[in-house]
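I opened this entry to keep track of what I looked up, one element at a time, with the sequence and the structure side by side.

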Amino acid sequence: AILADWCQKTEIALEKGGGAELDKIVTRCIAQLTFMAEKVIQDISKDARQKLAQMITEVVHQRDVSRTLLKDKVGSNRAFEWLQLMRMYFNPKEENMLQKLTICMADATFFYGFEY
């Protein structure tokens, strides 16, 4: 869910030309990391700590990619710098459960197959 949310927000930011909109994505990633870093050091279960560690790893990657897109002045959701990444999109209006989550990379699009 955290990846699909970031992809959707980044896609919208790029549709608006990147720049300041991408900077908002970076700021959001940093806020998420700050929140999770505070939670992971609290007295929580081993499973919760492991899940937080996995989410922190994912958001660090999102922050780094967002910073790279910003630094490279990517201003379109059709730019190769964005399309080369594996992206996930959630479509809540899709009735078929197996088609609600779409995975995209370059010009390829696949439905998520619950393989994990």
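**Helix against helix.** I began with α1 (residues 2-15) and α3 (residues 46-71), which in this predicted model pack at an angle of about 15° with their axes 10 Å apart. Angles under 35 degrees count as roughly parallel, and α1 and α3 are therefore roughly parallel to each other. I also noted the hand of the crossing of α1 and α3, which is right-handed.

I then listed the residues that make this contact: I2, L3, W6 and T10 come from α1, while M55, E58, V59, Q62, V65, S66 and L69 come from α3. Sorted by character, the residues of the contact of α1 with α3 divide into seven nonpolar, three polar and one charged.

**One residue of α1.** Is T10, which belongs to helix α1, buried or exposed? I found a relative accessible area of 0% for T10, and since buried means under 20%, T10 is therefore buried. Leaving aside residues up to four places away in sequence, I found that T10 touches L22, I25, L69 and W82.

**The sheet.** Next I turned to the strands, of which three form an open sheet in the order β1-β2-β3, with antiparallel pairing. I recorded β1 (87-90) and β3 (108-111) as the edges, each with a single partner strand, so one side of each is left without a neighbour in the sheet. Neighbouring strands of this sheet are turned against each other by 25° on average, direction ignored.

**Pairing, strand by strand.** How many bridges join β1 to β2? I noted four between β1 and strand β2 (residues 101-105), and the two run antiparallel. Within this pairing, I matched Y89 with its bridge partner T102 in β2, and R87 with C104, which stands opposite in β2.

On going from β2 to β3 I again noted four bridges and an antiparallel run, and here C104 stands opposite T109 in β3. C104 therefore appears in my notes for both pairings, facing R87 and T109. The hairpin of β2 and β3 has two residues between the strands, and in this hairpin A106 takes a positive phi near 55°.

**How the parts meet.** Finally I checked where α1 sits relative to the sheet, and found that α1 lies across β1 and β2, running at about 95° to β1. I also looked up the burial of β2, where four of the five residues are buried, so β2 is largely enclosed by the rest of the structure.

Notes:
Residues numbered from 1 in each chain as written. Predicted model: local features only at pLDDT ≥ 70, side-chain atom pairs only at ≥ 80, totals over all residues. Heavy atoms only, no water. Axes fitted to C-alpha atoms, helices over the stretch in contact; angles between N-to-C directions. Parallel < 35°, antiparallel > 145°, perpendicular 65-115°, else oblique. Left-handed = near helix turned anticlockwise from the far one by under 90°. Contact = heavy atoms within 4.5 Å. Nonpolar A, V, L, I, M, F, W, Y, C, P; charged D, E, K, R; others polar. Pairing = 2+ DSSP bridges. Buried < 20%, exposed > 50% of the residue type's maximum accessible area, 1.4 Å probe, protein only.
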